[in-house]
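Trainee: Can we go through this one together? I'd like to see how the labels get justified.

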2 protein chains.
Amino acid sequence: MSLIPLRPDAEPERRDAARNRELLLRAARELIEECGADGLTMGTLAQRAGVGKGTVFRRFGSRAGLMMALLSDAEARFQGRFMFGPPPLGPGAPPLERLIAFGEERIAWVMEFGELARAADVSAYNRFDVPAAVLWHRHLEMLLREAGVTADPWLMATSLSAVLEPERILHAVRVHQISPDRLAASWRELVSRVVRGA
Amino acid sequence: MSLIPLRPDAEPERRDAARNRELLLRAARELIEECGADGLTMGTLAQRAGVGKGTVFRRFGSRAGLMMALLSDAEARFQGRFMFGPPPLGPGAPPLERLIAFGEERIAWVMEFGELARAADVSAYNRFDVPAAVLWHRHLEMLLREAGVTADPWLMATSLSAVLEPERILHAVRVHQISPDRLAASWRELVSRVVRGA
DNA sequence: AATAGAAACGGACCGCAGTCCGTTTTGATC
DNA sequence: GATCAAAACGGACTGCGGTCCGTTTCTATT
């Protein structure tokens with residue numbers, strides 16, 4: 001991702017390494033197409049790409065890292081939109097409207113990339129400290145401050161982040177048949193009350 | 001002559017099964033004492049209890065199932081308190097106060113049993129449908145309705161449940177050094193605004 | 001072109017959760 | 001007490017994520 005680079009120390013990649021990364025990403029997309037994200041195993045991925053298993057882990061660190069790499073394009077696009085894009089998601093609209101738009105767009109994003117996002121989330125404990133999550137959190141916190149929420153905006157942003165977690169959204173939609181529209185309406189309601197109470 | 005032994009009474013456990021369950025629970029508590037919940041493996045547990053590994057899985061189904069069994073006492077006590085105990089957690093207090101108390105007590109509960117709760121949560125997808133989680137959700141939904149929240153109380157309860165998830169609370173406390181008091185204050189703020197907006 | 005050392009490679013290897021299935025225990029019935 | 005089917009047992013086995021380390025490939029330098 002370009003806005004929050006996965007490798008901030010931009011040291012160039014050796015040619016074989018770059019070639020294998022492309023091979024692996026391509027193979028991973030194929031396998032996910034065929035078996036779903038949950039059906040992808042690191043072993044079959046290595047086999048399909050024609051590289052050793054060690055290479056897969058050297059490139060991506062872990063299964064979750066691979067999934068994040070697959071997501072990074074979509075993630076970067078989303079980040080660009082809420083940071084620099086047109087209102088109401090981007091700057092220019094009143095903070096409450098931006099908060100509402102953020103949730104709506106995030107829900108739509110989860111509908112599209114949720115399976116991958118779930119697979120990327122598995123890492124048990126520090127998934128909240130992954131760069132993208134930190135950025136969303138900061139964004140929410142900033143909007144809350146702008147909206148005049150003075151009571152612990154950091155923790156309030158944490159709570160709002162919890163509401164938008166892919167796993168929960170997907171569960172509501174897939175198991176309880178809640179429509180994305182209904183989710184969005186509830187988000188609007190929640191965030192309005194949080195802000196209006198300020 | 002009854003060839004089909006009907007057993008309407010729920011007394012389905014054979015004596016050896018009951019003995020092994022106790023052996024396993026005792027051994028599990030010992031191991032967790034020594035190595036922490038994350039350090040407990042099903043293999044060492046079987047060894048410590050002096051039973052086969054298959055027996056462990058027959059009893060508890062999975063690692064998460066074992067952790068839930070270990071939690072069930074504490075869980076039952078908590079449930080008893082918010083359903084039948086004294087106010088403000090139990091019935092008798094105004095709904096907003098009960099909501100506040102529920103969050104406060106839940107945060108304290110996570111401080112005490114959180115590691116186990118996290119280990120019990122790993123099961124990826126339907127952890128929201130575990131009986132205890134369903135019960136908390138219903139309780140929150142009921143209190144929201146009583147407090148006059150008419151806008152989709154079911155989803156609002158879902159959002160509030162998300163805020164109280166053990167994993168997130170533990171992360172805030174352990175990684176970001178947030179005090180439980182500060183968490184409780186933020187919960188109070190959040191739930192007050194949600195209800196007051198009604 | 002030769003060299004050297006850093007980087008990447010690959011697949012055997014590890015520990016773990018969870019399954020399978022032949023063997024043993026249990027307890028209701030005779 | 002003998003019988004027997006159902007239930008429980010146990011440990012070898014599978015498949016997975018992840019690691020290790022001896023081998024190969026790159027590239028900067030001469």
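Trainee: Which helix gives the most to the lining of the largest pocket?

Mentor: Helix 6 of chain B, with nine residues. Keep in mind that the model is a predicted one.

Trainee: What makes B:Trp136 a lining residue there?

Mentor: A lining residue has an atom within 4 Å of a pocket point. B:Trp136 is among the 34 residues that line the largest pocket, and is one of those nearest its centre.

Trainee: What is the lining made of, by class?

Mentor: You get 18 nonpolar, seven polar and nine charged residues. The pocket's volume is about 660 Å³.

Trainee: And which helix leads in the second largest pocket?

Mentor: That's helix 6 of chain A, with seven residues. Chain B takes part too: its helix 8 (166-174) supplies at least two residues of that lining, and B:Arg168 is among the residues nearest the centre.

Trainee: On to the DNA. Why is the A:Lys53 pair with strand D called a polar contact?

Mentor: A polar side-chain atom of A:Lys53 lies 2.6 Å from a base oxygen of DNA strand D. The cut-off is 3.5 Å for a pair of N or O atoms, so the pair counts.

Trainee: What makes A:Met42 count, then?

Mentor: A backbone N or O atom of A:Met42 is 2.9 Å from a phosphate oxygen of DNA strand D. That is within 3.5 Å, so this is a polar contact as well.

Trainee: How many charged residues does the surface near strand D have?

Mentor: There are 10, along with five nonpolar and six polar ones.

Conventions: Residues are numbered from 1 along each chain as its sequence is written. Chains are lettered from A and ligands numbered from 1 in the order in which they are written. This is a predicted model: local features need pLDDT of at least 70, side-chain atom pairs count only at pLDDT 80 or more; totals for chains, interfaces and linings use all residues. Side-chain values use heavy atoms; hydrogens and water are left out. A polar contact is a pair of N or O atoms within 3.5 Å; within protein, one must be able to donate a hydrogen and the other to accept it, and residues adjacent in sequence count only if both atoms are side-chain atoms. Ala, Val, Leu, Ile, Met, Phe, Trp, Tyr, Cys and Pro count as nonpolar, Asp, Glu, Lys and Arg as charged, and the others, Gly among them, as polar. On a 1 Å grid over the protein atoms alone, a cavity is a set of points where a 1.4 Å probe fits but cannot get out, and a pocket is an open set with protein on both sides within 12 Å along at least five of seven lines; lining residues have an atom within 4 Å of a point. Grid points are joined across faces, edges and corners, and a volume is the space filled by probe spheres set on the points. Helices (H or I, at least four residues) and strands (E, at least two) are DSSP runs, numbered from the N terminus.
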